[in-house]
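Work through the exercises below with the model open. Each task is followed by its solution.

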Amino acid sequence: MVGLIVGGLANGAIYGLLAIGVVLVIRATGVVNFAQGEFITLGGFAYLISISIHANPLLQLAFVLVAGVAAGLVFFVTTEYLLKGADHLRILIATLALSIIVINALRLIFTDVSQPTPPWLFGERAVNLGGNVVSSNTFVILVTGLTATAGLYAWFQFTDIGRAVRAVAENRQFAALSGINVRWMLAISWIAGAVFTGLAGLLLAPVVSVYPTMGQTVLFKGFVAASLGGFDSIPGAMLGGLTLGVAESLLTAQVGGGDLKDALSFAILLLLLLVRPSGLFGRRVLRRA
Amino acid sequence: MRRLSIALLAAAIAAAVSTQFPPYQQYATARIGVLIVVALGMNVLAGNAGLLSLASPTFMGLGAYGVVTSMTLWNLPLLVAAPAAVALAWGIGWLLGTISLRLSGFYLGIVTLGFLLAFQVVLQRGGKITSGYYGATAPQATFFNYDIAPETWAMIAFALAAGASVLVWSLTRSRIGRAWRAMKYNELAAEFCGIRPLYLKTSAFAVSAALAAAAGVVYAFLQGAVSPQQFGINNSIDQLTYIIVGGIGSVLGSILGPAVLETAPELLRGLGEKRQLFFAVTLLFVLVVAPKGLSGLTSSSWAWLRRRLPAFSDPLESPRVPRLVRRLFRDEIAPAAASLATVSGPIRRPDPRPVSTTGTMEELTFDHVRVVYGGLVAIDQLTFSVARGSLHGLIGPNGAGKTTAINALTGVARLAHGWIRVEGTEFQSPQHGVARTAMVGRGIARTFQTPVAVPDLSALENTLLGLHTLIRGGVVTGTLDIRRVRQDDRRARERARETLARVGFMGDVEAPVAGFALGELRKIELARALVSRPRLLLLDEPTSGLESHAAMATINGLRRLQETAEEPLTILLVEHNVPLVFAFSDRVTAMDRGTAIITGLPDEVRRDPEVRRSYLGSEMIEVGAARA
Amino acid sequence: MLEVQGLRAGYGKLTIIHGLDMQAPVGSAVGVFGRNGAGKSTLVNAILGLVQISAGRVLWEGEDLTHRRTDQIVKAGICLVPQSRGLFMTQTVLENLSLVRFTLRLSRREMAGRLDDIFTRFPQLASRRKSFAASLSGGEQQMLAIAKALMRQPKVLLLDEPSIGLAPRVVEELQEVVARLKSESLTIVITEQNIPWVLTLVNRILVLESGQVTDRIEVDAARPIRPEDILAKFLGGDPHAVPVGQSIPIPKEGPNE
């Protein structure tokens, strides 16, 4: 039972990191990024490449972070410059297009073959958590997830630049009037969103192997996790992810089957919308007045 | 039944044309036909109603699996299975529509994505019913004991595409089509025209689902088999690509999109597995560079062509007139002339109309009205009356509560206390309220500070929105354009033209209003309000953004409308241009801090010390005067 | 000098300002009066680049600021306290004030110095420094908004209807704050509907109507202006403005032309 829950938490932490990426982008830019899953995939492939050149763990991490920065910048340029002034629907569809472009580009370069990777940092080792034996990857995932959430939260609360980003998210005009260069803050938000999601890719790769559509398959769960968190809170997004992960874990133990998880997520989303549209952990209301 | 006949004729012609293709091409073009039908459905949903749905492959799947499963498992004949599958899709689409009512744009995208994924799971785990992961072969369909050959299915695909194009074109031009576009542009304003979002959204989803399902039925037999992978997220994105590249919101776009995108890879040999990449890059390219898609390009080319052909040209566009003069005329003189055009006579300050002292001449009465917004009292003890046939001004500084008063009257804000009466009878009260969609039916019309004129629609169509609740035409009857609907439509158009002329609109009534100047948009909005012959007209800052002389002409034009109206037209005018209100109104109500200070003749109100204080800002008069 | 030349500006189709000129010499205080919708807010928003400018120029000390990005205009030394105050409600008083550390890259010492100065000027803010902006009263929020702008030590300060929604006693405080600012050779532009409290502070008055300047008044200590005179322009107290019964000939027009 505890094993189930811990496993669920680990999956959930990954969903949470994905959800955090979604929330980071949507809060600052208002864009719902349907290609957010591809940041996971790019992170995974960056990890794969770093392994193939025999890099040490630190360098592997660097690869993943750089991939995230690059991806975030590309999306920032596309949405803020190429699509300047477009309505949200158009931008949303553009992210769908980018999603397909990334997937297919990766397909052309790496083919569809699933490439397994070892867990980052500690390799295939087992860790003892209070009497329970878990894989080191699970341990790393949990630690990374929690540290990332805490770190990001602290960044927003206590650093100048984090507060400036919050200001832009709250009201772009006021931020500009305060002398903040709004565009740079938007770029930072995109980069942060991509980097955190890329980290999720690093952690997911050992679990499902690296292949071009690895991110697309978890995208929806990231959205549901973000919805549970109310779409406006970082800790909420992580909590939402963890909740979803545990719920999934418990259900599939009963009924079994990988793809049922998608149906479960959908059911959870519907339930949420009917009962508490503002999310379990957040404050923003997503319904139209 | 004319439209239906045209549709059937088009279908027949298309079917005949399809037989001329050699077998391989027949299959390829038939497939395009299927995609066109799906694209039509998506355009109804996204282009007209403005709803983003990623679940269109799901409805296609419902159609495809619906027929295959019911024919294989339960031996239903095609003629029963196909309509049943389409009906099922219609129903589920309608349900999805009810959910969409309360969801904002992107959230709807997420929910429909979930629906798509969940359906795929159902298909994969459907065991006996859906034949699981690898799908099922389509059974041989028969039409009264005759086997339907693959070539026949190709003909059916063509016929369906042609027929559906005609019908969807008819639907988008109908009353419902106009209502969809109005709702997409500004839902609140649309509600004031009596348009009900619930009906429109559910019907948009239902129509779109039915079209996708019909396409799915044909697709199943064309392909010969169905499998879950055919109805996934990639198909969804493909379908979005077709309508965006083709041109969102237009029937032509639904045809061009699939046609061009499916034949292009054929021509560009060697694309093979890069097909999806090609699609996605094209989609992104179109989004950035030409958001109106191919049909947008064709309509701009057509406009360009019209300019070059002397028969169609407009002197303003002729290249022989020096550019400077053209620009001067267009930018400066024409707008001034146009706004003055509401006046066909000298502007003069009107003599005050006789004010009735008996109550029966009151058109509108606010009686101790109180409205509370989230704990704060917005208006309280608001009491004033508007005489029938008068021009009544409502003034007051920011935050005085003028907008709240209008909201209370029009059913946007609930009364906590008091009554609002129209023609002596109770209209709004804490217990009994009239919804905003019922306003036009009750003879109340309004305009907005920023004029609401749907850019995709023409001046005529925008005006017709005002008659939405007074003419007939639903999804089916409107599409088929049955006689009653046609008659209503004809009469409505006559009245709309007349009304546009009365308000002095001088432009092309059939052209989309997208580029029109502010003055013209205001006239169109006024026409929309007047076309239903309302008793009471609410105008929210109609002179905002206009220069002094245009503002005067506008208000004067309103008075003339009242004078020339067949039945008494009462106008309640919310304005910030106080001198203008005092110059032209019969009576004025001044509000401050949520209540009416005074109601009376303009000169009375102007001299009232409390009114002056409300504009100057309270007791500071004394302090300022002392120091000065 | 802050100068506006031939400005046409508005929101999309709605042109609010139709050709406006204004000059505010360095160290002067200009009052811009007008009813709602006359264009006061649009004017100051246009100067800060928040509104589309379709024609005309905005100049500060000869430098053309038209069409520049808002944060660049702010960096040039022009600050606006908008009607909605421009505060970040989810952040505290101190955090709102401290944004300058990031935007101006101030050192710790500089920050401390500026904060000290501000808190001396606005003692009511000093005691509420850890409170969230949302929890402040209207008057405190207005003071915070002004203080936030002053933290940048701007050369030009634009205030858009600062007295709106404030109790008379608070408006008096506001008056004192602005009076002190005047003595610091700051160029000030105040837009207002509530005239009296500003009358004693300004050197120059512009009256706006329908996006154009209808009156320009140089304030002369020897001939004080009465609020009543300005109000007449708002409420059209002058019966000669539109003569009763007099006609203004207009070209005849009909729908068939």
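**Exercise 1.** Find which residues B:Ala89 touches, leaving out residues up to four places away in sequence.

Solution. Count a contact if C-beta atoms, placed from the backbone, lie within 7 Å. B:Ala89 then touches B:Phe59, B:Leu62 and B:Gly63. It also touches B:Ala209, B:Ala210, B:Ala212 and B:Ala213. The model is predicted: local features need pLDDT of at least 70, side-chain atom pairs count only at pLDDT 80 or more, and totals for chains, interfaces and linings use all residues. Residues are numbered from 1 along each chain as its sequence is written, with chains lettered from A and ligands numbered from 1 in the order in which they are written.

**Exercise 2.** Place the largest nonpolar core.

Solution. Take buried Ala, Val, Leu, Ile, Met, Phe, Trp, Tyr and Cys residues joined through C-beta atoms within 7 Å. Buried means 20 or more other C-beta atoms within 10 Å of a residue's own. The core has 363 residues; B:Val37, B:Ala89, B:Ala157, B:Ala213 and B:Val218 touch the most other members. Helix α10 (residues 197-223) of chain B gives the largest share, 18 residues. Helices are DSSP runs (H or I, at least four residues), strands likewise (E, at least two), numbered from the N terminus. Domain 1 (37-231) and domain 2 (360-627) of chain B both contribute, so the core lies between them. Domain bounds come from an automatic or database assignment.

**Exercise 3.** Which strand order does the open sheet of chain C have?

Solution. Pair two strands if DSSP finds at least two bridges between them. The order is β2-β1-β4-β5, with antiparallel pairing. Strand β1 (residues 2-11) of chain C meets β2(C) over eight bridges. There, C:Val4 has C:Met22 as its bridge partner.

Conventions
A residue is buried if 20 or more other C-beta atoms lie within 10 Å of its own, exposed if 12 or fewer, and partly exposed in between; C-beta atoms are placed from the backbone. Two residues are in contact if their C-beta atoms, placed from the backbone, lie within 7 Å.
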